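Biologist: I have not met this structure before, and I would like to learn how to read its features one at a time. Could we go through them together?

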Amino acid sequence: MAELKLTELHGSLTNRALNSMNFLNEVSHHYPDAISLAAGRPTEEFFDLEDLHTYLDLFADHLRARGYDEAAVRRTIFQYGRTKGIVHDLVARNLAVDEDIHVDPEAIVVTVGCQEAMLLTLRALRSDPYDVLLAISPTYVGITGAARLLDLPVIPVAEDDDLAAVVKAARADGLRPRACYVMPDFANPSGLSLDLESRRRLLEVAAEQDLLLLEDNPYGLFPAEGVDRVPTLKALDTDRRVVYLGSFAKTGLPGARVGYVVADQTVEAPDGSIGLLADELSKIKSMVTVNTSPVAQAVIGGKLLANDFSLVAANRRERDLYAANLKAITDGLAARFPGGEISWTVPSGGFFVVVTVPFPVDDVLLEKSAHEYGVLWTPMSHFYEACPPIHALRLSCSSVTTAQIDAALNRLAALIADQLP
Ligand SMILES: Cc1ncc(COP(=O)(O)O)c(C=O)c1O
């Protein structure tokens with residue numbers, strides 16, 4: 001039998017980011033009776049098999065209305081397809097309706113989830129060993145993991161760091177920051193959002209420093225009760241500085257694995273010809289996933305058609321459920337911890353609440369919590385590049401009922417009480 005050594009495989013395989021998701025999945029499989037406030041998956045409350053048929057039919061009708069004959073309709077849905085996708089025009093209309101983002105559909109690459117969008121973008125940007133990615137810290141493991149796969153170091157930027165100073169310091173060290181990854185709306189894991197003023201300032205800094213921004217926005221459609229949405233960076237971007245990473249996992253359906261990237265930046269070739277970054281990403285995609293499943297795209301396309309291109313409209317029930325659950329978590333923490341022993345964020349939307357406690361929170365404590373207390377959450381240490389002891393954990397409100405939240409918070413309160421000095 002061929003025996004391989006982990007130390008002789010790609011270095012990313014021992015990286016924490018790549019092991020984080022597997023570890024969390026293993027813990028939840030091991031303790032199936034534990035209530036999970038760990039998973040950031042969307043609610044299953046409204047999943048309906050009938051919808052899939054409806055969406056497929058709507059997409060097929062849409063093709064017919066465009067003049068496709070039956071053979072062309074079948075071919076479009078059954079066959080290998082266009083690398084940049086077959087629902088790019090519908091995605092462009094969705095962005096115009098929901099986000100006031102107006103882009104040429106040719107600047108959109110439909111991807112296998114947002115995860116592939118990140119990988120393609122980072123692959124294109126990483127060209128030499130001095131390239132680095134900046135990322136607001138704490139950050140999503142999907143981006144740090146993708147960067148690791150590509151040997152692209154990530155420099156964390158704390159929420160209150162001066163981005164321009166971080167860029168200048170990296171350049172002074174001989175590094176080339178290629179982009180900064182940001183999540184201005186209800187970030188994962190911090191739950192934090194940028195106000196309008198900060199978004200404008202971020203765009204200004206990016207322009208001054210000639211830096212691309214990678215804007216990831218899977219949670220933007222889920223503001224808390226009474227909160228108005230703020231325009232995305234891409235909607236405010238007047239000089240194509242923002243590469244917009246989109247996901248339908250929370251707003252369409254996660255199993256379709258459809259996402260996209262808006263890459264409307266121009267790229268000049270050595271012969272002086274000008275193309276779009278999207279076309280370069282498409283070349284990479286042709287060697288990664290060839291094309292995004294047309295069946296899955298048809299389902300998402302049908303959902304867009306069914307809702308006049310508005311996922312805000314399509315997700316009213318989900319938005320209400322998440323807003324109620326988020327409030328149940330923050331109210332529930334306030335009721336259980338009136339004395340200031342611990343603190344927590346009160347996000348203006350999204351799925352995540354961060355609880356800060358006076359003791360270190362690590363994977364060992366998570367196992368203990370699952371085994372002895374029957375509640376799962378995510379150690380915040382998973383979202384940091386370096387791993388000093390972090391005294392915080394992330395709670396997710398998205399895939400539980402309010403009754404489960406109540407029970408889970410009782411269990412969490414018992415764990416915390418036992419850990420307090
Ligand atoms: C910040 C962030 N970006 C991207 C994704 C993944 O998107 P997708 O499922 O479309 O790959 C997630 C999923 O949890 C996320 O939290």
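Biologist: Which residues of helix 5 are buried?

Modeller: Buried means under 20% relative accessible area, exposed over 50%, and partly exposed in between, with a 1.4 Å probe and protein chains only. In helix 5, that description fits G113, C114, E116, A117, M118, L120, T121, L122 and L125. This is a predicted model, in which local features need pLDDT of at least 70 and side-chain atom pairs count only at pLDDT 80 or more, while totals for chains, interfaces and linings use all residues. Residues are numbered from 1 along each chain as its sequence is written, and side-chain values use heavy atoms, with hydrogens and water left out.

Biologist: What span does helix 5 reach from its first C-alpha to its last?

Modeller: Helices (H or I, at least four residues) and strands (E, at least two) are DSSP runs, numbered from the N terminus, and the expected span of a helix is 1.5 Å times one less than its number of residues. Helix 5, residues 113–125, has 13 residues and reaches 19 Å, close to the 18 Å expected.

Biologist: Where is Y260 found, and is Y260 buried or exposed?

Modeller: Y260 is found in strand 8, and Y260 counts as buried because its relative accessibility is 4%. The C-alpha atoms of Y260 and Q115 are separated by 9.1 Å, although these residues are 145 apart along the chain.

Biologist: Which peptide bonds are cis?

Modeller: Most residues other than glycine have a negative phi, and most peptide bonds are trans. Here the bond from S137 to P138 is cis, with omega near 0 degrees, and P138 has its place in the loop between strand 3 (131–137) and helix 6 (141–149). Another cis peptide bond joins N188 and P189, with omega about 15 degrees, and P189 lies in the loop between strand 5 (176–182) and helix 8 (196–208).

Biologist: What is the phi of R257, and what is the phi of V290?

Modeller: R257 is not a glycine, yet it has a positive phi of about 55 degrees; R257 is found in the loop between strand 7 (242–247) and strand 8 (258–262), and R257 is partly exposed, with a relative accessible area of 38%. V290, also not a glycine, has a positive phi of about 65 degrees; V290 sits in the loop between helix 10 (277–285) and helix 11 (294–306), and V290 is partly exposed at 42% relative accessible area.
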